[in-house]
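Here's a quick tour of one pocket and one sheet. Have the model open while you read.

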Amino acid sequence: MKTFYSVRMRAASGGRHVSGQERIVTEDLLEETILELHRRPKGEWDFQSIKVEKLSSPPEVVERSLPLKDHRFSCVPLAHSFVSALFEEKLGIDRSLVRRWLAKLTSGVGPGGQNLPGALLVDPQTGEVLNGGNPVRTILFDWLDRPRVKRLLLQRGFTERTLDALALATKNALCGVEAELCVSDDPDYTTGYAASPELGYLRVAPMKEKKSPFGGRVYFVRKENARRVVECLRKRAVLIGEPNL
Ligand code: AMP
């Protein structure tokens, strides 16, 4: 039986997050993966951590990702209206709750307007934030054949960000996240996404204004399911076979 490793990198500058990436690889790819992730951050950093963890059992393989769709709008308010209306109509999540969170994500969701290092869990029925001071990170996910899926996505005009985010959102759906909102915190990247098992992965542009440094993720999860979902996000290792294009 093959041995698998999780390799996770994060880099920061002056205490601010600069870059983060993760892979699940077999032993033969371990060294080159560590080097690849070490070289990964494009910006300056003064701190980098690379964590390698041997998985106690092989990751679960999921055949296909969430289906990927692209939605483009002429301005941010139209994009937010589209997402909030869709969440209400298809998922039964109150549109004003979705609008409020989209507004927060695009204007600094953390204390003092800072970005958070992970996602907030929000109960879709009550609007309660379930993990206030403790943002959750989805880890232990990758593509079965990352180079091939990357080629496929780039050929179709998508970016490497989509490669990572589609894998992450697919794992979230598998773990029981009912719906998700994501706004990148990169000031040069205004495309975001909304995802759910019913809606798939909807790439939405523009989700925020150009040059805005704000971003974040909200996972809609019912309070009674939160503990189980977080356990899965942190512990279950998942490899995804094909992108659903
Ligand atoms: P990014 O898409 O990398 O620009 O990240 C946007 C925001 O999503 C970040 O500011 C974090 O709040 C959050 N985030 C990034 N990576 C993760 C992760 N692995 N799990 C949960 N939230 C994340």
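What follows covers the second largest pocket and then a small open sheet, both taken from a predicted model.

**The pocket**

The second largest pocket has a volume of about 420 Å³. Its lining is made up of 20 residues, and if you want to find the centre, look for R23, V25, L29, R146 and P147, which are the closest to it. Four elements, β2, α1, β6 and α4, each give two or more residues to that lining. Of the contributors, β2 gives the most, with four residues.

So what kinds of residues line this pocket, by class? Here's the split:

| Class of lining residue | Number of residues |
|---|---|
| Nonpolar | eight residues |
| Polar | two residues |
| Charged | 10 residues |

The lining also draws on two domains: domain 1 (4-54) and domain 2 (60-244) each supply at least three residues.

**The sheet**

Strand β2 (16-26), which you just met in the pocket lining, also belongs to an open sheet of three strands. The order there is β2-β1-β3, and the pairing is antiparallel. Both β2 and β3 (47-54) stand at the edges with a single partner strand each, so one side of each has no neighbour in the sheet. On average, neighbouring strands in this sheet are turned by 10° against each other, ignoring direction.

Take a look at the β1/β3 pair too. Strand β1 (residues 4-13) runs antiparallel to β3, and eight bridges join the two. To pick out a bridge on screen, go to M9, whose partner in β3 is I50.

Key
Residues numbered from 1 in each chain as written. Predicted model: local features only at pLDDT ≥ 70, side-chain atom pairs only at ≥ 80, totals over all residues. Heavy atoms only, no water. 1 Å grid on protein atoms, 1.4 Å probe; cavity = no way out; pocket = protein on both sides within 12 Å on 5 of 7 lines; lining within 4 Å. Points joined across faces, edges and corners; volume = space filled by probe spheres on them. Nonpolar A, V, L, I, M, F, W, Y, C, P; charged D, E, K, R; others polar. Domains from an automatic or database assignment. Pairing = 2+ DSSP bridges. Axes fitted to C-alpha atoms, helices over the stretch in contact; angles between N-to-C directions.
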